[in-house]
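Me: I would like to learn how to read side-chain features in a model of this kind, taking one feature at a time. Could we look at the structure together and begin with a single residue?

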Amino acid sequence: MRHLIALTGLIATLLLAGCAKPVDYDYSAFRQSQPKSILVLLPQNSSPEVNASHGVLSQVTLPLAESGYYVFPVAVVEEVFKQNGMTNAHDIQGVSATKLREIFAADAVLYLEVTDYGTSYKVITSESRVTVSGKLVDLKTGQQLWSGSATASSAEGDSGNNGILGMLLQAAINQISHTLSDKSYDIAGITAARLLSAGRPSGILYGPRSPKYGKEAE
C-alpha cells in the first residue's frame with residue numbers, strides 16, 4: 001500500500017512538472033537599452049569541426065535583420081579584426097566592450113559559442129547537428145541584455161520504421177551525403193533562426209526596424 005501511495009505521488013509530481021509554465025525571461029535590461037544595431041563576433045568553437053565558427057557566422061545576419069536590427073556585415077567586421085592581427089574567436093571575443101564601441105559605434109554585441117557542428121554516425125543512425133548559445137551585451141554599459149541557446153538536427157521528424165537493415169543502409173547514405181554536401185551548414189541556418197528570430201519564447205525582442213517593435217507583451 002505504501003508503495004502504491006508513493007508511486008501515485010511520483011506520478012502526480014511528474015504531471016505537475018509537465019504542466020508547469022516555463023519561467024518568463026526578464027527583458028527589463030533589454031527594453032531599457034533599446035539597441036538598434038548589433039555587432040556579431042566570430043563564434044567560439046567547442047566542436048571538433050574546424051568550419052563550425054564560419055558556418056554559423058554566415059547564417060546569423062538574416063534572422064537578426066528580419067527581427068528589425070541593423071547588423072554589421074560580418075565579413076567587414078572580420079576583416080577589421082584581421083587588419084589588427086586578430087583572426088581567432090578567443091582573441092576577438094576578448095576585446096573590451098569599450099573598445100568595440102569605439103571602433104564600430106554599435107549599440108550591442110552578440111557573443112556566440114558553437115558546441116555541436118557536424119555529421120555523426122551512430123550504428124543505426126546518422127545526423128547532422130548544430131547547437132549554438134549566445135548572449136547579447138550592451139556596448140555602452142557592458143550589461144547583458146539577453147542569452148539563449150538553440151539546436152537543430154537533420155534527424156528531426158525521422159519515423160524510424162525502416163527496419164534494422166534499412167536503418168543501417170540509410171545511416172551510411174546519410175553520413176556520406178551529409179559530409180559531401182556540408183549538411184551542417186544548412187542545419188546551422190535553422191539553428192540560427194531558432195536562436196535569433198524575435199517572437200520566439202525567451203528569444204530576442206523585435207528591433208526598431210520591425211513593425212512589431214515595442215508591441216511584445218510586457
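Reply: This is a predicted model, and a good place to begin is glutamine 93, which, once its neighbours within four places in sequence are set aside, is in contact with Leu41, Leu42, Pro43, Gln44, Tyr111 and Leu112. Glutamine 93 is found in helix 6, which covers residues 89-93.

Me: Is glutamine 93 buried or exposed, and which backbone oxygen lies 3.0 Å from a polar atom of its side chain?

Reply: Glutamine 93 counts as buried, because its relative accessibility is 16% and the cut-off for buried is under 20%. The backbone oxygen is that of leucine 42, which lies 3.0 Å from a polar atom of the glutamine 93 side chain, and leucine 42 is also among the contacts of this residue.

Me: How should I read a pair of aromatic rings, and how many aromatic pairs are there here?

Reply: A pair of aromatic rings is described by the distance of the centres and the angle of the planes. The count in this model comes to 5 aromatic pairs. One of them joins phenylalanine 72 and phenylalanine 104, with 6.2 Å centre to centre and 75 degrees between the planes, an edge-to-face arrangement. Phenylalanine 72 lies in the loop between strand 3 (70-71) and helix 5 (74-83), while phenylalanine 104 lies in helix 7 (residues 97-104), so this pair ties together parts that are 32 residues apart in sequence.

Me: Which other ring pairs with phenylalanine 104?

Reply: Phenylalanine 81 also forms an aromatic pair with phenylalanine 104, and this one is tilted, at 5.8 Å centre to centre and 45 degrees between the planes. Here too distant parts of the chain are linked, since phenylalanine 81 is in helix 5 and phenylalanine 104 in helix 7, 23 residues apart. Phenylalanine 81 counts as buried at 3% relative accessibility, and phenylalanine 104 is buried with a relative accessible area of 11%. Ring pairs link Tyr70, Phe72, Phe81 and Phe104 into a cluster.

Me: Where does the charged end of lysine 135 sit?

Reply: The charged end of lysine 135 sits over the ring of tyrosine 111, 5.6 Å from the ring centre. Tyrosine 111 has already appeared in our reading, as one of the contacts of glutamine 93.

Me: What is the general idea behind a nonpolar core, and which residues touch the most other members of the largest one?

Reply: In soluble globular proteins, nonpolar side chains tend to be buried together. The largest nonpolar core in this model has 50 residues, of which Phe30, Leu39, Val40, Val56, Leu100, Leu110 and Trp146 touch the most other members. Strand 4 (residues 108-121) contributes the largest share of this core, 7 residues. Apart from neighbours within four places in sequence, phenylalanine 30 is in contact with Pro35, Tyr69, Leu136, Leu145, Trp146, Ile204 and Leu205.

Me: Which residues other than glycine have a positive phi here?

Reply: Most residues other than glycine have a negative phi. Among those with a positive value is glutamine 34, whose phi is near 50 degrees; glutamine 34 lies in the loop between helix 2 (28-33) and strand 1 (37-40), and is partly exposed at a relative accessible area of 44%. Serine 202 has a positive phi of about 60 degrees; serine 202 lies in the segment after helix 9 (183-196), and is partly exposed at 37%.

Notes:
Residues are numbered from 1 along each chain as its sequence is written. This is a predicted model: local features need pLDDT of at least 70, side-chain atom pairs count only at pLDDT 80 or more; totals for chains, interfaces and linings use all residues. Side-chain values use heavy atoms; hydrogens and water are left out. Rings of Phe, Tyr and Trp (its six-membered ring) pair if their centres lie within 6.5 Å; planes under 30 degrees apart count as stacked, over 60 as edge-to-face and the rest as tilted. Helices (H or I, at least four residues) and strands (E, at least two) are DSSP runs, numbered from the N terminus. Buried means under 20% relative accessible area, exposed over 50%, partly exposed in between (1.4 Å probe, protein chains only). A charge sits over a ring if NZ of Lys or CZ of Arg is within 6 Å of the ring centre and within 35 degrees of the ring normal. A nonpolar core is a set of buried Ala, Val, Leu, Ile, Met, Phe, Trp, Tyr and Cys residues joined through side-chain atoms within 4.5 Å. Contact means heavy atoms within 4.5 Å. A polar contact is a pair of N or O atoms within 3.5 Å; within protein, one must be able to donate a hydrogen and the other to accept it, and residues adjacent in sequence count only if both atoms are side-chain atoms.
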